[in-house]
Amino acid sequence: MLAILKTKCILMTREYIALFFSIIFCPMLLVIFGMVYGNDPSPIFNGQGTIDVMIPSFSGLIFAGTGLISLPVAVASSRERGELRRYKMTPLSPMAFLFSDVIMYFLISAVGMVIVLLIGTLAYGCDFTGDPLLFVYGFTLSGLSMFSIGLLIASLSKNAKIAQTVGMVIGFPMMFLSGAGTPVEMLPDSIDKIVKVMPLSYCVSMMRDIWEGLSFSDLSGDSLVLLCIAVVFTLLTAITFKWD
């Protein structure tokens, strides 16, 4: 599996869409929001600045791009090109193959998040008051939940075009209606019920709580929802995955 992971990481340098969503898109948005709103304390965000709110929220935006769009397209493309059929002849299990994809996209997502943190800290003076270990925990759990949904999309998609279409139909509404792309405080109250049924909203909620310094016990509700999503969708992927 390590050899496959190494190969996939090399091939990732050619995946311009995935690199854009994970490394360029969120830092670019952060700079734009910073130019427009700055990071002065705002009553809308209970005294926090706009950038302070956007940084933890952008973790969800990154995973929406990599987990719901890039990952399904990559796996479906491998199926379409017949690569998965060749892997079928090896002792490698489907989940081991998919796990290598998850690791690769998680690492790329982590790089994107580090860039966002550096821009927020160096350019806008953002101050993280939470627990770094909790931040890693929240980021990891958020990634696992979004990747599990992406893997199911990949398992049910016969080709890359279908995977891309389904991923965008599911991913883009989540990006902008879950609080990831636009803070929930700026969204109309009429869509509150829509926000609550979007899995990505729980990623955003948890990461914002961690950023604000809440303890692990305060994260139990969001953590449970995201853990259930990760387990259920991973099991569905294991059941439905086909090599060809």
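How far apart do the axes of α3 and α6 come, and at what angle do they cross? The tour returns to that pair after a look at the whole chain.

**Before selecting anything**

This is a predicted model, in which local features need pLDDT of at least 70 and side-chain atom pairs count only at pLDDT 80 or more, while totals for chains, interfaces and linings use all residues. Residues are numbered from 1 along each chain as its sequence is written, and side-chain values use heavy atoms, with hydrogens and water left out.

**The whole chain**

Display the protein chain as a cartoon, and you will find 10 helices and zero strands, where helices (H or I, at least four residues) and strands (E, at least two) are DSSP runs numbered from the N terminus. Of the 244 residues of the protein chain, 51% count as buried; buried means under 20% relative accessible area, exposed over 50%, and partly exposed in between, with a 1.4 Å probe and protein chains only. Among contacts between residues at least 6 apart in sequence, 79% join residues at least 24 apart, a contact being heavy atoms within 4.5 Å.

**Stop one: α3 with α6**

Select α3, residues 50-80, together with α6, residues 132-156. The answer to the opening question is that their axes come within 8 Å and cross at roughly 30 degrees; axes here are lines fitted to C-alpha atoms, for helices over the stretch in contact, and angles run from 0 to 180 degrees between N-to-C directions. The crossing of α3 past α6 is right-handed, a crossing being right-handed if the near helix is turned clockwise from the far one by less than a right angle, and left-handed if anticlockwise. Show the side chains at this contact, to which α3 brings residues including F63, L71 and R79, while F139, M146 and I153 are among those from α6. By class, the contact of α3 with α6 holds 12 nonpolar residues, seven polar and one charged, where Ala, Val, Leu, Ile, Met, Phe, Trp, Tyr, Cys and Pro count as nonpolar, Asp, Glu, Lys and Arg as charged, and the others, Gly among them, as polar.

**Stop two: α3 with α9**

Keep α3 in view and add α9, residues 199-211, which packs against α3 at an angle of about 145 degrees with the axes 8 Å apart. This crossing, too, is right-handed. The α3 side of the contact is made by D52, V53, I55, P56, S57, S59, G60 and A64, and the α9 side by L200, V204, M207, R208 and W211. Eight of the residues in the contact of α3 with α9 are nonpolar, three are polar and two are charged.

**Stop three: the nonpolar core**

Now select I55, F58 and L61, which touch the most other members of the largest nonpolar core, a set of 53 residues. A nonpolar core is a set of buried Ala, Val, Leu, Ile, Met, Phe, Trp, Tyr and Cys residues joined through side-chain atoms within 4.5 Å. Helix α3 gives the most to this core, with 13 residues. Centre the view on I55, which touches L30, M113, V116, L117, G120, C126 and W211, leaving out residues up to four places away in sequence.

**Stop four: R208 and the salt bridge**

Move along α9 to R208, which is buried, with a relative accessible area of 11%. Apart from neighbours within four places in sequence, R208 is in contact with V53, P56, S57, P183, V184 and E185. R208 forms a salt bridge with E185, the closest N and O atoms being 2.8 Å apart; the rule asks for a side-chain nitrogen of Lys or Arg within 4 Å of a carboxyl oxygen of Asp or Glu, and by this rule the count comes to one. E185 sits in the loop between α7 and α8, 23 residues from R208 along the chain, and at 33% relative accessibility E185 counts as partly exposed.

**Stop five: M174 and L236**

Go next to M174 in helix α7, which counts as buried at 7% relative accessibility. M174 touches L68, A180, M198, P199 and L200, not counting residues up to four places away in sequence. Measuring from C-alpha to C-alpha, you will find M174 and A64 7.4 Å apart in space, although they are 110 residues apart in sequence.

Finish at L236 in helix α10, which counts as partly exposed at 36% relative accessibility. The C-alpha atoms of L236 and L152 are separated by 6.8 Å, with their positions 84 residues apart along the chain.
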